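Here are some short exercises to try with the model open beside you. Have a go at each task before you read its solution.

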Protein chains: 2
Amino acid sequence: MQSLVKASPEICMTSYILHKVNLLIRSRILAGFLGLGLFLCSYDSGFAKERPSISMSKAEGQAIRENLDKLPLLKKSFDAYKNAVESAMLQTIELPPPGEAGGYAHEKHKQNYREMQMAGVLFTITGDERYADFVKRMLEQYAVMYPTLGPHPRSFKQKPGRLFHQTLNEEVWLVNVAQAYDAVYEWLTPEDRANFEENIFQPMIHLFSVQYAEELDRIHNHGTWACAAVGMIAYVLDDKELVEKAILGTRKNGQGGFLRQLELLFSPDGYYMEGPYYIRYALRPFFLFAEAIERNEPERKIYEYRDGILRKAFYATAMTVYPNGVFPAINDASLSMDIADIGPTIAGNLSYYRYGADENLLAIAAIQDRVILNGAGLKVAEDFGNGENVAPLNWSSVELRDGHDGERGGLGILRTGQGREQTMLLMKYGVHGKGHGHFDKLHFIFYDQYRTVVPDYGFARWINMEPKFGGRYTAENNSFAKQTIAHNTVVVDQASQNSGKRQQADERWGERHFFDGGDGDVQAVSAFANDAYPGVDMQRTMLLVNDPLLEHPVVVDLFRLTSESDHQYDYPLYFNGQIVTLPDGIKAHADQLAPLGADNGYQHIWNVGSGSSDTDIRFSWFDGNRYYSVISAPSPGTEVFVGRTGANDPDFNLRSQQMVMLRRNAANHLFASVIEPHGYFNEAREQTRDARSVIQSVNIEGSNETASVITVRGKRDLQWQIMIRNSETASKKTRVVFSGKEYEWEGNYKLIRQQAAEEEMSKK
Amino acid sequence: MQSLVKASPEICMTSYILHKVNLLIRSRILAGFLGLGLFLCSYDSGFAKERPSISMSKAEGQAIRENLDKLPLLKKSFDAYKNAVESAMLQTIELPPPGEAGGYAHEKHKQNYREMQMAGVLFTITGDERYADFVKRMLEQYAVMYPTLGPHPRSFKQKPGRLFHQTLNEEVWLVNVAQAYDAVYEWLTPEDRANFEENIFQPMIHLFSVQYAEELDRIHNHGTWACAAVGMIAYVLDDKELVEKAILGTRKNGQGGFLRQLELLFSPDGYYMEGPYYIRYALRPFFLFAEAIERNEPERKIYEYRDGILRKAFYATAMTVYPNGVFPAINDASLSMDIADIGPTIAGNLSYYRYGADENLLAIAAIQDRVILNGAGLKVAEDFGNGENVAPLNWSSVELRDGHDGERGGLGILRTGQGREQTMLLMKYGVHGKGHGHFDKLHFIFYDQYRTVVPDYGFARWINMEPKFGGRYTAENNSFAKQTIAHNTVVVDQASQNSGKRQQADERWGERHFFDGGDGDVQAVSAFANDAYPGVDMQRTMLLVNDPLLEHPVVVDLFRLTSESDHQYDYPLYFNGQIVTLPDGIKAHADQLAPLGADNGYQHIWNVGSGSSDTDIRFSWFDGNRYYSVISAPSPGTEVFVGRTGANDPDFNLRSQQMVMLRRNAANHLFASVIEPHGYFNEAREQTRDARSVIQSVNIEGSNETASVITVRGKRDLQWQIMIRNSETASKKTRVVFSGKEYEWEGNYKLIRQQAAEEEMSKK
């Protein structure tokens with residue numbers, strides 16, 4: 001039986017208690033002849049609207065139906081929904097007793113909410129009542145089970161839900177089911193609605209907005225899920241009061257809730273301090289709730305809020321990806337999470353719809369290979385067509401300021417080249433990132449050839465893998481993955497930054513020096529971290545350089561350390577692939593291995609090879625179809641180590657990962673290196689060339705508080721003079737004298753190409 | 001100027017000396033007015049034919065031209081040729097002084113012959129004289145350079161060529177250039193031809209068939225290149241005498257030469273003892289020369305020779321590939337060589353053309369993504385169409401007998417499942433394989449999920465990678481890759497089979513016991529190796545089992561060792577991916593590593609974890625999107641080791657490869673194990689299920705000279721009784737009693753599925 005009643009029975013109520021009493025009366029006694037009164041009541045206090053209203057309209061459903069055969073991406077997305085739901089409808093609906101994270105029951109309840117959400121969408125598009133009936137039948141079972149459940153017994157330091165071990169998952173359940181309920185609302189009988197609201201939705205709302213009100217008010221991505229869950233169901237239930245709580249916090253004073261989260265969780269550039277892995281998950285509630293607000297209360301202009309912060313939030317996330325769409329592993333993060341995840345898909349489609357067309361968003365749609373099924377997805381699918389005219393993803397370089405005020409360092413991303421052949425260099429110098437933060441200031445990632453050539457380890461976790469510590473973070477996440485030595489940044493005295501103390505690290509951040517992501521052949525980023533180690537100032541300057549004498553862009557890295565006293569400086573570089581050549585004097589250890597150290601992450605790295613070098617350090621490996629060489633400036637007595645993770649790891653929780661490390665004992669030191677990709681190797685075709693680098697040496701002309709100057713030399717008469725300004729200064733020009741030679745340039749940095757031959761001639 | 005003269009000036013001559021004198025006279029003095037006489041002369045003694053004749057005809061060229069736009073695979077192949085040659089024609093022709101293997105000069109001369117071959121083909125197809133002119137101009141430079149060259153200075157234990165460090169490469173040069181010369185022959189002037197023949201071809205023929213006659217007569221794939229080079233140019237030069245030498249050996253007595261190679265290099269099933277990596281290279285001269293013979297002397301019926309041995313040779317090679325077209329690494333071999341290489345492409349197209357259509361050959365053409373440009377490639381391209389109707393590669397199980405007489409063991413390949421989802425189990429029990437052989441009898445490879453789940457190490461070589469020992473085999477090829485411990489087979493007393501002595505190993509081979517590659521749910525292979533270790537008999541029986549209670553096919557492995565005295569038996573299993581769970585009592589070593597042993601390859605494996613176990617041994621890892629568990633029968637005091645290659649490898653020449661190893665000290669022992677793929681893990685989507693195996697235990701009921709009986713038990717009441725016959729016997733039935741229980745069955749093996757519950761019931 002279908003109903004045309006537009007609002008639910010409880011729309012005039014705001015108190016949960018009153019509501020429960022009322023529901024009882026209305027649904028069981030009065031239901032059936034109160035329709036008109038309810039309607040009038042709702043019309044007064046609710047949102048004048050057509051249903052469904054929170055993520056798509058009937059008109060959008062019809063437009064999708066009419067365009068299915070014209071738009072391949074739309075059709076593919078629709079078919080995926082249809083196949084999943086049709087297959088689900090062949091099975092018996094199953095609601096297992098709640099179980100542990102990653103276990104069968106956990107996964108089944110996740111599957112259930114996904115299936116309901118999809119069935120709701122299919123009902124709106126097709127009008128086929130089998131889909132509505134499927135949602136109804138599943139909700140009927142939840143209405144029976146939910147009231148019987150107490151707090152989940154297996155919560156682990158989290159606030160327990162009832163279906164799930166933490167409320168977070170339960171909020172995700174509601175975000176999905178609110179959409180399903182919105183879709184079938186009118187189709188359901190008042191009795192159905194009363195049943196579901198009494199036994200499922202109101203108890204959940206109570207849990208999220210009353211019992212755990214502090215979670216909803218928390219400025220944290222978990223808070224966003226709470227706001228979205230409560231706010232989205234509130235729109236469906238036409239509960240203005242509840243909507244206010246979701247938007248302004250449970251005390252409705254703006255100190256918590258959705259708007260406050262939009263204020264504080266993002267930097268003015270839209271960057272989210274925990275990094276892309278975390279925000280891609282939270283983009284979903286941010287955008288789904290924003291879309292519900294926009295559709296129900298456009299006067300709130302939510303998409304314009306804080307100068308369009310939602311747009312910036314999506315772009316700042318999307319612009320961090322590697323050219324293949326995978327997110328760089330910043331802080332606790334997996335190495336494989338990508339832009340094709342559901343959060344970025346929703347956010348990408350809605351950004352395109354609400355903020356306007358963008359070629360790169362179509363390129364992302366190609367990677368996602370699907371659209372969401374509403375007007376936004378329809379628009380993307382229309383512009384995408386058959387994809388033939390969609391260019392590969394091609395973001396430009398970008399610096400994203402960190403901190404809600406934009407004054408807490410940032411993330412610098414340099415890019416050169418197009419699409420698949422894009423090279424990317426990422427340097428991190430922002431805030432710590434709270435509980436998921438790593439002690440990794442000034443670390444970098446180098447991406448080339450569709451691979452993370454110089455990778456970050458990411459988190460030490462086998463997510464959802466039950467035999468691996470229940471899928472939770474393993475002990476090695478703290479003892480290794482978060483430690484400074486797990487990252488491509490200098491470790492002082494074999495200790496982690498800020499002594500590995502999170503609270504201390506949260507109060508400190510990197511300092512932006514300069515960033516040049518322009519179109520030239522040279523791009524650069526430079527930043528300081530002067531309080532990560534007591535008494536040691538650090539500055540890293542990285543250049544991404546194109547040169548006609550070189551086949552691929554190269555990285556120039558100047559890591560400057562200054563102190564009043566001597567320290568041990570360890571410069572690690574992680575790499576994937578096979579070692580090709582070692583520096584002179586370095587050999588693998590033959591028949592005995594020990595870890596590199598005893599703590600701070602060193603205990604997890606086997607010292608597989610070492611030696612010392614007084615001359616140029618050249619180390620090379622190959623990965624994929626390319627060779628890579630690191631060429632470092634000589635410095636007498638430099639120790640070189642080759643390492644591999646896996647020591648002190650009784651359960652083999654760590655991946656086996658290789659690194660090379662230079663060690664210097666000094667007060668002041670400049671690590672000056674070049675990373676050059678070169679040549680070609682194809683084992684299957686047995687072809688190779690240029691296994692040796694073009695660049696032969698890096699020499700430090702001088703380095704002080706004013707500037708650093710190095711010379712890079714190579715075959716084919718390659719010669720670069722690179723000059724870096726080491727401090728902020730008002731004057732345009734920098735002048736410095738090293739070894740009697742004067743260097744002068746304008747701007748923050750300068751790279752002068754001079755053929756050795758020319759230099760010879762000029763000396764005459 | 002084009003010439004219609006059909007034969008070259010020297011066709012009446014057979015002696016090299018006479019020929020040189022004549023050439024001098026004719027080409028420099030008489031050329032231009034001897035045309036008719038030459039024509040008559042040639043007509044008498046040469047092969048009546050149209051040119052080109054050795055690999056394609058003018059008519060085929062025309063047919064290709066006419067079909068280019070209709071057949072995408074043909075067009076793509078043609079375009080690749082055209083792009084390569086057009087690009088080459090924009091460059092200055094360059095013939096560098098000969099250099100070392102893998103170096104610039106080496107690669108350049110290879111590029112030159114490829115470009116000439118392609119230009120010749122393009123000339124035949126298009127008639128565009130620019131292509132012919134390109135061949136001519138390049139040959140003119142070779143005609144200047146070649147006479148100036150002495151033996152190559154950088155030969156390394158090989159017979160030196162002049163352009164290359166070994167004659168092998170020079171023969172490949174001639175195989176290619178013979179085709180180019182054939183294509184432009186008529187277009188050239190008699191002076192051109194005289195010049196090229198005098199200065200290039202005749203000296204090369206002399207080198208290959210006179211100076212190094214023993215190479216041409218050698219029963220070895222290098223000999224095949226010599227035969228093909230000499231024979232193919234002989235057809236172009238219309239030199240019947242030379243053709244005879246190529247086919248029957250330089251003494252024309254059939255003791256050497258092409259036919260003798262066809263006799264002795266392949267087993268009656270077409271298997272080549274060195275393995276697919278080597279034969280895929282030699283397939284090229286085998287088929288190119290055969291095709292030249294067929295086209296010029298069809299009366300020789302070369303394709304029918306030895307019951308169609310060429311067909312068998314190709315199929316036996318192609319049928320070893322993994323479902324993705326990559327060759328299993330048998331003996332010295334890379335892990336990546338595949339069916340898309342040029343040799344298998346030529347052989348595949350010609351097999352299709354000469355022996356008839358085959359769906360799997362079209363599937364292979366899809367992997368190759370190209371065809372050769374002649375009538376054979378045209379035929380494949382026609383049947384391939386746009387590829388839409390070509391099914392994925394789907395070979396069935398096959399046993400390939402080894403040894404020229406087929407009596408020297410073999411290679412057993414079991415397959416189940418379709419295309420991408422095919423599981424493959426390969427066991428090797430043939431001959432040693434001479435210089436490239438590994439001491440690996442009874443070893444196996446397990447392929448699942450488009451991955452080598454239980455891999456072989458392959459060779460220790462970075463082919464053509466100059467900084468890695470000049471691209472040659474590294475020292476670790478002998479010290480590790482060839483040793484028994486580098487393979488998935490039992491090592492006795494920590495020594496390699498046949499004491500690691502090749503000559504001894506060449507005299508011994510495995511013994512086939514039974515092979516059942518039928519369509520049933522259970523397939524099996526069993527073989528003996530009774531002389532690999534003195535006083536120890538070995539039998540391995542492997543089953544590939546499908547069961548409705550299991551998601552994927554599983555491997556059952558029974559490795560039986562019998563001896564009069566106690567030995568140390570090491571059962572290693574290599575794997576890729578991440579360890580998930582360890583057997584009880586096994587832990588990784590925390591802070592100190594040592595190699596597993598001192599020699600025979602053990603010195604190269606770090607002992608990264610160990611312990612001992614008296615109960616069921618369960619070990620699991622994940623790889624790709626799947627978990628894998630090994631469940632082994634308990635045996636008190638079994639030592640378990642986890643290893644990783646890399647010890648005693650000063651230059652990091654070895655790949656880092658993981659293994660697990662069970663060790664038992666006993667006189668008689670049966671290693672009884674199951675390898676079960678299970679569940680799913682997708683890190684990017686954070687989805688997983690069934691991280692624990694279904695199979696829980698393997699128990700040995702008994703094992704003796706008659707039979708072995710084991711019981712496999714698992715969740716879901718899975719229970720299998722597996723009975724294996726351990727010796728040849730005339731009777732159909734086998735009867736054996738273990739622990740008072742009688743087992744009786746028909747045939748070589750039997751797997752009885754019994755639900756535990758049913759068994760319980762039957763006991764009542």
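**Exercise 1.** Find which residue of chain B comes closest to the rotation axis, and work out how the two copies are related.

*Solution.* Start at the axis of this predicted model: B:L593 is the residue of chain B that comes closest, with its C-alpha at 2.4 Å. Next, superpose the copies: a turn of 180° with a shift of 0.1 Å along the axis lays chain B on chain A, at an RMSD of 0.1 Å. The copies are therefore related as by a two-fold rotation axis. Finally, look at the contact residues: 100% of those of chain B recur in chain A, so the same surface serves both copies.

**Exercise 2.** Decide whether A:H487 is buried or exposed, and describe its surroundings.

*Solution.* First, locate A:H487: the loop between α18 (475–481) and β6 (491–492) of chain A holds this residue. Then count: A:H487 has 26 C-beta neighbours inside 10 Å. The cut-off for buried is 20 or more, so A:H487 counts as buried. Leaving out residues up to four places away in sequence, A:H487 touches A:H438, A:D440, A:H443 and A:D456. As a last step, pick A:S656, 169 residues apart from A:H487 along the chain; their C-alpha atoms are separated by 15 Å.

**Exercise 3.** Which residues touch the most other members of the largest nonpolar core?

*Solution.* The core has 460 residues, and A:V230, A:M232, A:I233, B:A229, B:M232 and B:I233 touch the most other members. In chain B, domain 1 (1–46 + 92–238) and domain 2 (398–763) each supply at least three residues to this core. Now zoom in on A:I233: beyond residues up to four places away in sequence, A:I233 touches A:L174, A:A178, A:F201 and A:I205.

Note on methods. Residues numbered from 1 in each chain as written. Chains lettered and ligands numbered in written order. Predicted model: local features only at pLDDT ≥ 70, side-chain atom pairs only at ≥ 80, totals over all residues. Core = buried A, V, L, I, M, F, W, Y, C linked by C-beta atoms within 7 Å. Buried ≥ 20, exposed ≤ 12 C-beta atoms within 10 Å, placed from the backbone. Domains from an automatic or database assignment. Contact = placed C-beta atoms within 7 Å. Helix = DSSP H or I, 4+ residues; strand = E, 2+ residues; numbered from the N terminus. Least-squares fit on C-alpha atoms with pLDDT ≥ 70 in both.
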